[in-house]
Amino acid sequence: MERIEKLRNLMKEDSVESLLITNLNNIFYLTGFWGTSATVLVTENEQYFITDARYTLIARETVKNFKIIESRQPLVEVDSILKSENISSLQFEGEVSFAFYQNLKNTLSVDLKASSNLVEKLRIIKDNSEIKLIEKACSISDQAFIDVLDFIKVGISELDVANFLDFRMRELGASGISFETIVASGNRSSMPHGVASDKLLELGDTITLDFGCYYNHYVSDMTRTVFLGQPEDKMVEIYNTVLESNNTLINQTRAGLLYKDYDGIARDVIEQTGYGDYFTHGIGHGIGIDIHEDPFFGKTSEEKLQAGMVITDEPGIYVDDLGGVRIEDDLVVLDDGCKIITKAPKELIII
Ligand SMILES: [Mn+2]
């Protein structure tokens with residue numbers, strides 16, 4: 001079924017008379033349009049795509065099955081459509097700014113309804129074409145990781161390493177990086193999200209690399225931790241604990257697993273080794289067009305994994321003044337298990 005028809009079914013279930021979509025990633029998902037100016041309105045019987053003159057030609061080529069309207073005042077167009085279709089209520093997305101909301105209130109005469117994130121609900125389950133793109137993005141990051149191992153050495157900076165990864169991913173076909181590359185070495189590796197700095201790599205450093213790319217608008221997101229020279233025994237213990245946590249979760253991931261158990265399975269492994277207080281973030285998140293998207297795994301959530309979700313498995317242990325380890329894979333949830341789509345090596349690597 002076409003995405004727009006699935007969306008319309010959700011609208012019916014929720015009694016949403018009309019839906020205004022302004023999030024550009026949601027619009028890309030529904031229409032294939034990529035640009036900075038677009039507004040989508042979905043009513044019971046029709047769907048409208050409003051953009052300005054810069055994008056009209058692109059829209060005519062890309063956006064199929066929508067009525068395309070060229071305008072620099074999309075809400076004025078929305079108002080006239082709602083009036084002509086005798087629509088009395090409109091749902092808009094929850095993330096809009098207060099200024100936009102005021103604009104809605106001032107321009108439209110319909111009841112404004114709170115968002116129920118209907119497009120996000122569709123995006124949570126990936127179809128095969130989406131999974132292929134995410135797999136390709138992952139294969140690019142995998143190769144960049146293999147290649148950066150030959151580049152890392154004492155005396156270069158974290159930024160040098162980040163720049164290498166970023167450029168290498170582009171060379172391998174990525175259109176860009178999916179978030180600011182994290183290279184955290186030595187004591188800085190105890191910062192879960194230490195973005196690359198001008199700190200120089202030293203012998204004995206633990207180095208956490210968290211990075212990803214875009215391929216045809218879909219992301220990869222992976223983390224590996226490597227050691228520059230022989231690590232201390234305690235860091236080896238931490239590494240093996242995180243790896244066991246990551247692998248234990250992979251072995252138990254399948255459709256039907258509760259979100260709270262997705263977090264709990266990985267967390268239990270770390271707690272049993274006594275490092276529970278040092279695993280300070282969530283176990284993972286969905287990926288797709290956004291680097292962080294549904295599902296998110298609350299420690300108490302009774303929701304269940306579904307086949308077709310693409311999620312991260314990223315346990316970590318961070319000890320101040322010592323260092324940190326995180327290992328992150330991307331997984332496709334299947335009915336009877338999961339498929340690991342990040343394939344870069346995870347055994348302890350000493351450079
Ligand atoms: Mn992640």
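Leu-19 counts as buried, at 4% relative accessibility, and its place is in strand β1. This is a predicted model, and its chain is divided into domain 1 (3–123) and domain 2 (128–340). Below is a quick tour: the strand β1 neighbourhood, the two cores, the domains, the manganese site, a helix pair and a few backbone oddities.

**Around strand β1**

- Leaving aside neighbours within four places in sequence, Leu-19 is in contact with Leu-7, Met-11, Val-40, Leu-41, Val-42, Leu-90, Gln-91 and Leu-118.
- Arg-224 is a long way off from that spot: Leu-19 and Arg-224 are 41 Å apart in space, C-alpha to C-alpha, and 205 residues apart in sequence.
- Step back to Ser-18 and you're in the loop between α1 and β1. Despite being a serine in a loop, Ser-18 has a relative accessible area of 0%, so it is buried.
- Ser-18 has plenty of company: not counting residues up to four places away in sequence, it touches Met-11, Leu-41, Val-42, Thr-43, Leu-82, Ile-87, Ser-89, Leu-90 and Gln-91.
- Ser-18 and Ser-88 sit 8.6 Å apart, C-alpha to C-alpha, with their positions 70 residues apart in sequence.

**The nonpolar cores**

- Which residues have the most contacts inside the largest nonpolar core? They are Leu-7, Ile-21 and Phe-49, in a core of 35 residues.
- Two or more residues of this core come from each of α1 (3–13), β1 (19–21), α2 (24–31), β2 (39–42), α6 (118–123), α7 (128–149) and β11 (218–219).
- Both domains chip in, with at least three residues from each of domain 1 (3–123) and domain 2 (128–340).
- Take Ile-21 as a sample: beyond residues up to four places away in sequence, it touches Leu-7, Asn-26, Ile-27, Leu-30, Thr-39, Val-40, Val-42, Glu-93 and Val-119.
- Another core, of 30 residues, lies apart from the largest one, and its members include Ile-250, Tyr-259, Tyr-262 and Phe-297.

**How the domains sit**

- The centres of domain 1 and domain 2, taken over C-alpha atoms, are separated by 35 Å.
- Where the domains meet, seven residues of domain 1 are in contact with nine residues of domain 2.

**The manganese site**

- Which residues coordinate the manganese ion? Asp-221 (OD), His-285 (NE2), Glu-314 (OE) and Glu-328 (OE) do the job, at 2.1 to 2.4 Å.
- If you want to find these donors along the chain, the spacing reads D-x63-H-x28-E-x13-E.
- His-285 lies in strand β13 (residues 285–286), while Glu-328 is in the loop between β17 (323–326) and β18 (329–334), so this pair ties together parts that are 43 residues apart in sequence.
- Are these two ligands buried or exposed? His-285 is buried, at 5% relative accessibility, and Glu-328 is buried too, at 0%.

**Helices α9 and α10**

- The axes of α9 (residues 233–252) and α10 (residues 259–272) come within 8 Å and cross at roughly 150 degrees.
- The crossing of α9 past α10 is right-handed.
- On the α9 side, the meeting residues are Thr-241, Glu-244, Ser-245, Thr-248, Leu-249 and Gln-252; on the α10 side, they are Tyr-262, Ile-265, Ala-266, Val-269 and Ile-270.
- Tyr-262 also turns up among the residues of the 30-residue core.

**Backbone oddities and a buried serine**

- Watch for a cis peptide bond between Asp-294 and Pro-295, with omega about 0 degrees. Pro-295 is in strand β14 (residues 293–296).
- Asn-65 isn't a glycine, yet its phi is positive, at about 65 degrees. You'll find Asn-65 in the loop between α3 (56–62) and β4 (67–70), and its relative accessible area of 48% makes it partly exposed.
- Asn-216 also has a positive phi without being a glycine, at about 45 degrees. Asn-216 lies in the loop between β10 (213–215) and β11 and counts as partly exposed, at 45% relative accessibility.
- Ser-157 is in the loop between α7 and α8 (158–171), and at 9% relative accessibility it counts as buried, the cut-off being under 20%.
- Setting aside residues up to four places away in sequence, Ser-157 touches Ser-197, Asp-198, Lys-199 and Leu-200.

Methods. Residues numbered from 1 in each chain as written. Predicted model: local features only at pLDDT ≥ 70, side-chain atom pairs only at ≥ 80, totals over all residues. Heavy atoms only, no water. Core = buried A, V, L, I, M, F, W, Y, C linked by side-chain atoms within 4.5 Å. Buried < 20%, exposed > 50% of the residue type's maximum accessible area, 1.4 Å probe, protein only. Helix = DSSP H or I, 4+ residues; strand = E, 2+ residues; numbered from the N terminus. Domains from an automatic or database assignment. Contact = heavy atoms within 4.5 Å. Donors = N, O, S within 2.8 Å, 3.2 Å for Na, K, Ca; no water. Axes fitted to C-alpha atoms, helices over the stretch in contact; angles between N-to-C directions. Left-handed = near helix turned anticlockwise from the far one by under 90°.
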